[in-house]
Amino acid sequence: MNNVIAPFGYNASDEAAVSVDTFRNGMAALPGAVTVVTTDGPHGPHGFTASAVCSVSDTPPTLLVCINRTTSAHPYILKHGVLAINVLHEAQHELSNTFSSRSRSMAERFAAGKWHAGLTGAPVLDDALVSFDCRIREIRDVGTHTIVIAHVVDVTVGNDDVRPALVWFNRQYSRVTPK
């Protein structure tokens with residue numbers, strides 16, 4: 001499951017070549033869709049805000065999400081084995097803030113939105129731009145994060161008119177407006 005291939009020319013000393021601050025400043029210039037990642041199961045509903053989400057493959061439909069191991073939802077996502085990736089629109093920045101707050105309980109986080117259970121049982125946000133309901137296929141710990149490879153079992157596309165997507169860019173919320 002964890003087939004790790006070291007690329008030609010890789011040298012562990014390269015890892016110290018770029019400072020944490022330089023890397024973070026560079027990453028601030030890389031826009032990312034703002035999502036709320038959720039799970040539910042024997043330990044109840046849990047969720048957090050994420051921008052490190054991307055497509056892996058369309059055959060089979062697969063996404064990846066990177067989860068900081070200090071995030072309170074981390075162990076529950078792995079234990080439950082299911083997750084929903086809910087892509088937010090521009091008017092949902094407060095929901096993003098709520099799910100990223102370490103001082104908010106899970107009950108407070110979920111009270112800030114309207115949810116229904118997806119096919120996997122993971123909470124799907126009723127008014128998300130799109131939600132991907134997934135089962136975990138692989139996990140890999142890298143640095144401070146766990147990379148979760150998830151098989152998409154259902155997709156719910158929002159019913160409203162197309163709204164601008166909420167993105168994180170230059171350490172602040174921004175939006176991508178469809179043409």
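In the hairpin formed by strands E11 and E12 of this predicted model, 2 residues lie between the strands, and Asn 170 adopts a positive phi near 55°. Arg 171, which is also placed in the loop between E11 and E12, has a phi near 60°, a positive value in a residue other than glycine. Such values deserve mention because most residues other than glycine have a negative phi. With a relative accessible area of 47%, Arg 171 is partly exposed, because that class lies between the limits of 20% for buried and 50% for exposed residues.

The two strands of the hairpin, E11 (residues 165-169) and E12 (residues 172-176), pair in the antiparallel sense over 5 bridges, and within this pairing Trp 168 has Tyr 173 of E12 as its bridge partner. In general, the strands of a sheet pair through backbone hydrogen bonds, and the pairing may be parallel or antiparallel. The hairpin belongs to an open sheet of 3 strands, arranged in the order E1-E11-E12 with antiparallel pairing. Strands E1 and E12 form the edges of this sheet, each pairing on one side only. The pairing of E1 with E11 is antiparallel and extends over 2 bridges, and here Ala 33 stands opposite Val 167 in E11.

A further backbone feature is found at Thr 59 and Pro 60, which are joined by a cis peptide bond with an omega of about -5°. Pro 60 is located in the loop between strand E4 (53-58) and E5. As a general point, most peptide bonds are trans.

The interior of the model was examined next. Its largest nonpolar core comprises 24 residues, and those with the most contacts inside the core are Val 37, Phe 48, Val 65, Ile 77, Leu 83 and Leu 88. At least two core residues are supplied by each of strands E2 (35-39), E3 (46-50), E5 (61-68), E6 (82-87) and E10 (145-157), and likewise by each of helices H3 and H4 (106-111). In soluble globular proteins, nonpolar side chains tend to be buried together. Leu 88 touches residues that are more than four places away in sequence, among them Val 34, Leu 95, Leu 125, Leu 129 and Leu 166.

Two threonines are also buried. Thr 39, in strand E2, has a relative accessible area of 0% and is therefore buried; among the residues touched by Thr 39 are Tyr 76, Ile 77, His 80, Ala 122 and Pro 123. Thr 39 and Cys 134 are separated by 95 residues in sequence, whereas their C-alpha atoms are 9.6 Å apart in space. Thr 98 lies in helix H3 (residues 93-100) and counts as buried because its relative accessibility is 8%, under the limit of 20%. Beyond four places in sequence, Thr 98 touches Arg 104, Glu 108, Arg 109 and Ala 112.

Finally, the largest pocket contains about 2000 Å³ of space. It is lined by 45 residues, of which Phe 23, Ser 51, Ala 52, Asn 68 and His 145 are the closest to its centre. Two or more lining residues come from each of helices H1 (20-28) and H3 and from each of strands E1 (32-33), E3, E5, E6, E9 (130-142) and E10. The greatest contribution to the lining is made by H1, which gives 5 residues. By class, the lining consists of 25 nonpolar, 14 polar and 6 charged residues.

Technical notes
Residues numbered from 1 in each chain as written. Predicted model: local features only at pLDDT ≥ 70, side-chain atom pairs only at ≥ 80, totals over all residues. Heavy atoms only, no water. Helix = DSSP H or I, 4+ residues; strand = E, 2+ residues; numbered from the N terminus. Buried < 20%, exposed > 50% of the residue type's maximum accessible area, 1.4 Å probe, protein only. Contact = heavy atoms within 4.5 Å. Pairing = 2+ DSSP bridges. Core = buried A, V, L, I, M, F, W, Y, C linked by side-chain atoms within 4.5 Å. 1 Å grid on protein atoms, 1.4 Å probe; cavity = no way out; pocket = protein on both sides within 12 Å on 5 of 7 lines; lining within 4 Å. Points joined across faces, edges and corners; volume = space filled by probe spheres on them. Nonpolar A, V, L, I, M, F, W, Y, C, P; charged D, E, K, R; others polar.
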